[in-house]
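User: I want the reasoning behind some structural labels. Please set each value against its cut-off.

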Amino acid sequence: MARLVECVPNFSEGRSKEVIDAIAAAIRATAGCSLLDVDPGASTNRTVYTFVGSPEAVVEGALNAARQAFSLIDMRKHSGEHPRTGALDVCPFIPVQNVTMGDCVNCANAFGQKLADMLHVPVYLYGEAARQEVRRNLPSVRAGEYEALPEKLKQDEWSPDFGPASFVASWGATVTGARKFLIAYNVNLIGTKEQAHRIALDIREQGRSKDQPGLLKKVQGIGWFLDEANIAQVSTNILDYELTPLHTVYEEVCKDAEDLKLPVVGSQIVGLIPLKALLNSADFYIRRDGLFIVEEEHKVRLVVSKLGLDSLGPFKPKERIIEYMVRPQDDARLVALSLQDFVRRVGARTPAPGGGSVSAAIAVLGAALGAMVGQMTYGKRQFENLDGVMRRLIPPFHQAMNELLLAVDADSSAFNGYMAALKMPKNTAEEKTRRDAAMQEGLREAVGVPLGMAQKINTLWPSLKELVVHGNIACKSDAQVAAKALETAAFGAYYNISINLKDVTDNAFRLSTQARASELLQEAKDSAAAVLRAAADRK
């Protein structure tokens with residue numbers, strides 16, 4: 001998979017379409033960069049750009065955008081609701097795929113040095129790239145904003161990390177760094193800027209002062225008024241959405257707003273959001289309200305509805321969720337193939353995909369049939385007394401279906417890894433040692449995939465037996481096919497484990513894994529037989 005870094009430069013211009021478009025064009029024109037989102041705000045007079053690419057490409061893209069902005073933005077004429085310190089106010093780098101936080105710190109350092117050399121402007125480092133603890137927090141670096149820079153730059157403690165300690169009136173200063181994925185999230189109120197800011201002070205971690213900290217960890221906040229929408233907003237940055245989820249911020253704002261007798265009228269995501277953040281919030285509302293939702297698409301819709309994410313404009317998941325935005329057009333995964341192409345790939349003169357991937361695909365279909373039987377029972381008037389049972393039985397099949405899909409490609413990848421180890425050079429004793437170690441690691445991975453699949457299959461038998469006993473009688477044959485499919489996949493897993501174990505040199509590992517594989521197969525055979533007996537007994 002490609003190495004991907006996300007870059008989210010915030011430019012201090014949100015009103016001039018010509019300037020906004022020119023900066024976007026500079027990013028688009030950078031080789032290796034994909035511009036995912038452009039989110040301007042008139043009241044904030046600020047535009048947030050989001051693009052991804054390799055570490056080298058995103059640094060170049062950010063530099064091209066800054067070069068364009070240098071001739072178009074004059075901070076001496078700038079005003080807006082959002083705090084800012086420069087024309088390119090902040091430029092963070094965020095790890096997305098196959099990169100580390102350290103890689104992003106390197107991006108920030110490279111960008112900061114090159115920007116200072118190119119434009120002769122002061123640049124500060126923040127977040128994970130900060131060289132001083134006091135500069136780790138962005139609001140601390142931005143304190144006093146653009147207007148305070150002339151005096152701030154004279155102070156030794158605020159000497160920039162890159163560039164001159166001199167005030168460039170048309171530009172100000174730029175802050176760059178590396179951080180986790182930040183969610184810019186605003187909650188809409190019918191009220192005043194002052195009322196929104198009062199709520200922001202209550203919920204943000206900083207609170208009102210050191211003696212009056214706020215409620216929510218890793219949350220920054222401010223209140224402002226959006227003239228273009230004629231509403232106030234509690235504007236937040238959620239720095240760690242797993243520690244403080246999206247719905248927690250929304251619900252806390254709602255509580256404070258209720259105390260002030262203020263109506264909350266939806267909320268807004270600025271830029272992109274990780275899928276997991278939305279699914280975490282979906283799970284919260286599903287648990288809280290006793291809902292039954294298993295499809296990812298429906299979970300996203302639930303959160304859009306609960307939080308009112310479409311209150312100021314359409315929320316289009318394919319354009320706002322980062323995982324959906326960075327999916328490659330030329331998806332090379334086996335599971336992305338049509339059924340016809342997958343069959344042809346299996347039938348080709350190549351060793352992979354082979355029996356392991358086919359076994360995983362059969363297991364997926366078995367789990368899917370189990371989910372189908374449950375869905376064909378749930379919500380029907382003649383089976384309404386079973387709704388509670390189906391709510392419990394359907395999710396394990398749905399989850400297994402999604403997990404087992406991953407095994408289709410994982411099995412082929414593990415086999416290809418072993419084949420790559422076989423082709424390693426073996427001319428010297430050192431090369432032979434490295435090759436042998438890589439081959440043994442490859443074999444363990446090739447064993448691990450079907451072993452995990454067999455274990456997952458065996459978690460489904462109790463639920464499948466209940467489905468056969470209670471489910472829609474018209475779907476009895478589907479449940480029977482599900483049983484045989486899962487059993488067949490278990491046999492496939494056993495055969496693949498056995499053939500790969502024969503070349504494993506660790507005797508203890510080989511014996512214990514073979515014994516475990518035999519146990520799993522016997523459990524699958526006995527369970528499938530029990531399911532089929534229960535089906536036969538049902539008339």
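User: Why are H16 and H17 called roughly antiparallel to each other?

Analyst: This is a predicted model. Helix H16 (residues 461–470) and helix H17 (residues 476–501) pack at an angle of about 160 degrees. Angles over 145 degrees count as roughly antiparallel, so H16 and H17 get that label. Their axes are 10 Å apart, and the crossing is left-handed.

User: What makes H16 and H17 a contact, and which residues meet?

Analyst: Contact means heavy atoms within 4.5 Å. From H16 come Trp461, Leu464 and Val468. They meet Ala479, Ala482, Ala483, Leu486 and Glu487 in H17. By class, that contact has seven nonpolar, no polar and one charged residues. Glu counts as charged, so Glu487 is the charged residue there.

User: How do you know that there are cavities, and how many are of 30 Å³ or more?

Analyst: A search of the whole structure finds two cavities of 30 Å³ or more. A cavity is a set of points where a 1.4 Å probe fits but cannot get out. The largest cavity holds about 40 Å³ of space. The second largest has a volume of about 30 Å³.

User: What makes a residue part of the lining of the largest cavity, and which residues line it?

Analyst: A lining residue has an atom within 4 Å of a cavity point. Val373, Leu467, Val468, Gly471, Asn472, Cys475, Lys476, Ala479 and Arg538 line the largest cavity. H16 and H17 are the elements that give two or more residues to that lining. Val468 and Ala479 also belong to the contact between H16 and H17.

User: Why are two residues in the lining of the largest cavity classed as charged?

Analyst: Lys and Arg count as charged, so Lys476 and Arg538 fall in that class. Gly counts as polar, so Gly471 joins Asn472 there. The full division is five nonpolar, two polar and two charged.

User: What makes up the lining of the second largest cavity, by class?

Analyst: By class, it has seven nonpolar, no polar and no charged residues. The residues are Ala454, Ala490, Tyr494, Ile497, Ala517, Leu520 and Leu521. Tyr counts as nonpolar, so Tyr494 fits that class. H17 and helix H18 (507–537) each supply at least two of the lining residues.

User: Which value goes with the cis peptide bond between Ala352 and Pro353?

Analyst: Omega is about 5 degrees for that bond. Pro353 lies in the loop between helix H12 (339–346) and helix H13 (355–375).

User: What is the phi of Glu145?

Analyst: Phi of Glu145 is near 60 degrees, a positive value in a residue other than glycine. Glu145 is placed in helix H5 (residues 145–152).

Methods. Residues numbered from 1 in each chain as written. Predicted model: local features only at pLDDT ≥ 70, side-chain atom pairs only at ≥ 80, totals over all residues. Heavy atoms only, no water. Axes fitted to C-alpha atoms, helices over the stretch in contact; angles between N-to-C directions. Helix = DSSP H or I, 4+ residues; strand = E, 2+ residues; numbered from the N terminus. Parallel < 35°, antiparallel > 145°, perpendicular 65-115°, else oblique. Left-handed = near helix turned anticlockwise from the far one by under 90°. 1 Å grid on protein atoms, 1.4 Å probe; cavity = no way out; pocket = protein on both sides within 12 Å on 5 of 7 lines; lining within 4 Å. Points joined across faces, edges and corners; volume = space filled by probe spheres on them.
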